[in-house]
Amino acid sequence: MIETRTPSLTALFTARSAARAAARRAVHGPAPYGEAMQGSTPRELGPAGAQALLVEVFEPSTDRLAHSLGVGRRAEHVARALGLPDLLVTAAYLHDIGYAAAARDTGLHQLDGARYLRRLGASDALTSLVAHHTSALTEAGERHLDAHLRGEFPPPADGELLDLLTYCDMTTSAKGRTVTIDERLDCIYDRYAPGHLVSRSIHRAEPQLRRIVSTVEERVRLR
């Protein structure tokens, strides 16, 4: 008997969205910093809209896209397990949007991503999660941007969602696979030299990141 396999909805969605994005870039060129991708603000930024935005600003088959989609899927699992709102899932998909060429400005991807989403009409709740995920203030201090980060984007009112977002980020590999925090940290340290600003920041934040992951894992396990 011949076995057939039906492509997943996510795979179909990603392929079709990538094709549409490529067609738009061919006609209009890359989207400029801070402008809505489809000429309308506020942009619809629920989980589906977040995925559509990702495949517009990241090239297909890149680690940035794979990681962002993987973190979003991880958040979907956590949100279902804990009965949490779509805000967590949307923030997870968009947490690294600051690495996109359309968003890059200061080099602090959390700040750049939050600014970019704010220009697209994103809510304060969403932009604050993106701005502060994964110990952002530690790297902001290294870049002398901590005052800007705090001043423009106060920490999220719901610290629990921020910890859950950080957990999803720190347990998803660059390729979008679920990994342990040890594997994730090893990957980061391999990517950046010991003296690199990102490597220094993660090293300083590592105890806090490990506590967050351990606490969330225990909570999910007990559900």
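Tutor: A helix here is a DSSP run of H or I with at least four residues, and helices are numbered from the N terminus. Keep in mind that this model is predicted.

Student: OK, pockets to start. Which helices each supply at least two residues of the lining of the second largest pocket?

Tutor: That pocket has a volume of about 160 Å³. Its lining consists of H132, T134, S135, A136, L137, T138, P155, L162, D163, T166, Q208 and I212. The helices that each give at least two residues to this lining are helix 7, helix 9 and helix 11.

Student: By class, how many charged residues has the lining of the second largest pocket?

Tutor: Asp, Glu, Lys and Arg count as charged. D163 is among the residues lining the pocket. By class, the lining has five nonpolar residues, six polar and, for charged, one.

Student: Now the closed space. What volume has the largest cavity?

Tutor: Searching the whole structure for cavities of 30 Å³ or more turns up one. The volume of the largest cavity is about 320 Å³.

Student: Of the 24 residues that line the largest cavity, which are the closest to its centre?

Tutor: Plenty of helices reach this lining: helix 3, helix 5 (109-119), helix 7 (136-142), helix 9, helix 10 (181-191) and helix 11 (197-222) each supply at least two of its residues. By class, the lining of the largest cavity splits into nine nonpolar, eight polar and seven charged. The largest cavity has a volume of about 320 Å³. Of its 24 lining residues, the closest to the centre are Y99, H109, R184, I188 and V198.

Student: On to packing. Is helix 3 roughly parallel or roughly antiparallel to helix 4?

Tutor: The axes of helix 3 and helix 4 (residues 86-94) come within 7 Å and cross at roughly 165°. Angles over 145 degrees count as roughly antiparallel. So helix 3, relative to helix 4, is roughly antiparallel.

Student: Which residues of helix 4 make the contact with helix 3?

Tutor: The crossing of these two, helix 3 and helix 4, is right-handed. Helix 3 brings S68, L69, V71, G72, R73, A75, E76, V78 and A79 to the contact, and helix 4 brings L88, V89, A92 and Y93.

Student: And helix 3 with helix 9: how are they placed to each other?

Tutor: Their axes, running through residues 63-82 for helix 3 and 159-170 for helix 9, come within 9 Å and cross at roughly 130°. That angle is not over 145 degrees, the cut-off for roughly antiparallel, and lies outside 65 to 115, the range for roughly perpendicular. Helix 3 and helix 9 are therefore oblique.

Student: Is the crossing of helix 3 and helix 9 left-handed or right-handed?

Tutor: The contact joins H67, V71, R74, A75, V78 and L82 of helix 3 to L164, Y167, C168 and D169 of helix 9. Those residues divide into seven nonpolar, one polar and two charged. As for the handedness of the helix 3 and helix 9 crossing, it's right-handed.

Student: Last pair! How many nonpolar residues are in the contact of helix 4 with helix 9?

Tutor: Helix 4 and helix 9 pack at about 40° with their axes 10 Å apart, so they are oblique to each other. Helix 4 passes helix 9 in a right-handed crossing. L87, L88, A91 and A92 of helix 4 meet L161, L164 and L165 of helix 9. With no polar and no charged residues in this contact, the nonpolar number is seven.

Definitions and conventions
Residues numbered from 1 in each chain as written. Predicted model: local features only at pLDDT ≥ 70, side-chain atom pairs only at ≥ 80, totals over all residues. Heavy atoms only, no water. Axes fitted to C-alpha atoms, helices over the stretch in contact; angles between N-to-C directions. Parallel < 35°, antiparallel > 145°, perpendicular 65-115°, else oblique. Left-handed = near helix turned anticlockwise from the far one by under 90°. Contact = heavy atoms within 4.5 Å. 1 Å grid on protein atoms, 1.4 Å probe; cavity = no way out; pocket = protein on both sides within 12 Å on 5 of 7 lines; lining within 4 Å. Points joined across faces, edges and corners; volume = space filled by probe spheres on them.
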